[in-house]
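Let's take a walk through the charged side chains of this protein and see which of them pair up. Have the model open as you read, so that you can find each pair in turn.

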Amino acid sequence: MPVLRVLSTVAKQTLQAPVCGYQPLAVTARCISFSPRQVPPGSDASFHSVSFSETDHPKVLITGGLGQLGVGLAKLLRKRFGKNNVILSDIRKPSSHVFHSGPFIYSDILDYKNLREIVVNNRITWLVHYSALLSAVGEANVSLARAVNITGLHNILDIAAEHGLRLFVPSTIGAFGPTSPRNPTPDLCVQRPRTIYGVSKVHAELMGEYYHQRYGLDFRCLRYPGIISADSQPGGGTTDYAVQIFHDAVKSGKFECNLRQDTRLPMMYIDDCLRATIEVMEAPAEALTMRTYNINAMSFTPEELAQEIQKQLPDLQVTYEVDVMRQGIADSWPMNFDDTNARNDWGWKHDYDLPELVQTMLNFIGSESQIAQAT
């Protein structure tokens with residue numbers, strides 16, 4: 001991705017907040033002089049058509065791989081395409097388990113040369129770009145969020161276009177704003193987000209679609225709802241309460257929610273999210289009527305989630321101490337996603353509704369708690 005200005009605002013800035021793919025490090029200012037490759041107007045640049053004629057399986061690179069989604073996606077893709085065909089990357093040191101589960105490599109998305117070498121040396125054909133600062137963390141460090149979420153994206157786009165990659169970049173419910181229709185929110189409507197996270201995701205959607213039209217880049221994007229998973233800790237998002245409540249319910253039987261009890265947001269269990277990502281990446285290009293899709297599974301409020309958990313843990317006590325910033329963000333987001341196009345175009349269908357989600361989360365966290373107590 002071309003960078004239009006030197007990152008002077010984040011030069012040598014030390015990060016203090018958790019990021020999807022970004023943890024404390026020093027970011028050094030630099031200037032990138034790369035220009036997108038030239039594609040003659042009207043030329044047929046359907047990169048997806050080169051698919052995998054040279055190999056049986058794609059060679060996949062996942063950036064921000066140590067975040068909430070990367071490790072799980074790598075595990076599924078390795079089962080599908082082979083262990084050595086999926087490379088996790090991040091700027092953080094992986095755990096011993098992750099390091100020995102398959103290829104891992106250091107990758108800084110702000111270092112264009114480093115990214116390009118990885119793609120060339122490993123003959124990458126698919127790139128899944130998960131590096132990002134999430135909503136609440138981004139508001140606390142706007143200059144860093146701008147660097148990671150926008151400058152890093154530009155590097156990814158240019159490299160993907162230059163080398164004919166199939167590129168997946170996730171978007172979010174945060175790509176919408178208070179003037180968007182909220183219940184339901186369609187694929188195409190007004191998008192005026194009020195967070196740097198949301199602005200950067202709208203930018204990613206539009207830049208990806210532009211590169212698809214202008215350079216033939218095989219860009220694919222899903223707008224994720226709030227993602228709930230048991231094996232990762234909350235990472236600075238507005239929907240984090242829907243993960244934390246399970247940990248607190250099992251550990252202490254008490255939970256303090258930072259959103260109002262009637263705050264309705266679209267949500268999804270991580271298994272559905274990862275499966276949707278693989279399905280859209282494998283979908284035939286001719287089946288895609290657009291390049292950015294909503295996907296949805298369920299929509300609930302903190303009160304409804306607590307009531308479902310209390311069916312299993314009746315002694316759970318929930319109180320509400322509203323965080324003004326997070327509540328303001330949530331009030332500007334969709335209450336429910338319309339994902340009709342995803343269901344019609346490439347057959348999207350979720351597996352987990354609220355009761356299945358709660359049972360699965362409690363089983364997982366409960367078993368982990370028992371193991372921890374035993375050891």
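What follows is a short tour of the salt bridges in this predicted model.

With a side-chain nitrogen of Lys or Arg required to lie within 4 Å of a carboxyl oxygen of Asp or Glu, the count comes to 17 salt bridges. A good place to begin is helix H3, which spans residues 112-121. Here Glu117 and Lys113 join their side chains in a salt bridge, at 2.5 Å from N to O. The two residues are four apart in this helix, so about one helical turn separates them. How open is each partner to the surroundings? Glu117 is partly exposed, at 37% relative accessibility, whereas Lys113 is exposed, at 56%.

Next, find Asp351 and Arg275, a salt bridge whose closest N and O atoms are 3.4 Å apart. Asp351 sits in the loop between helix H11 (340-346) and helix H12 (354-374), while Arg275 belongs to helix H8 (residues 270-282), so this pair ties together parts that are 76 residues apart in sequence. Arg275 counts as partly exposed, with 23% relative accessibility.

Now turn to Arg343, which forms a salt bridge with Asp339; their closest N and O atoms are 2.9 Å apart. Is Asp339 buried or exposed? Its relative accessible area is 7%, so Asp339 is buried. Arg343, on the other hand, is partly exposed at 28%.

Finally, look beyond single pairs: Arg166, Asp218, Arg220 and Arg291 are linked in a network of salt bridges.

Notes:
Residues are numbered from 1 along each chain as its sequence is written. This is a predicted model: local features need pLDDT of at least 70, side-chain atom pairs count only at pLDDT 80 or more; totals for chains, interfaces and linings use all residues. Side-chain values use heavy atoms; hydrogens and water are left out. Buried means under 20% relative accessible area, exposed over 50%, partly exposed in between (1.4 Å probe, protein chains only).
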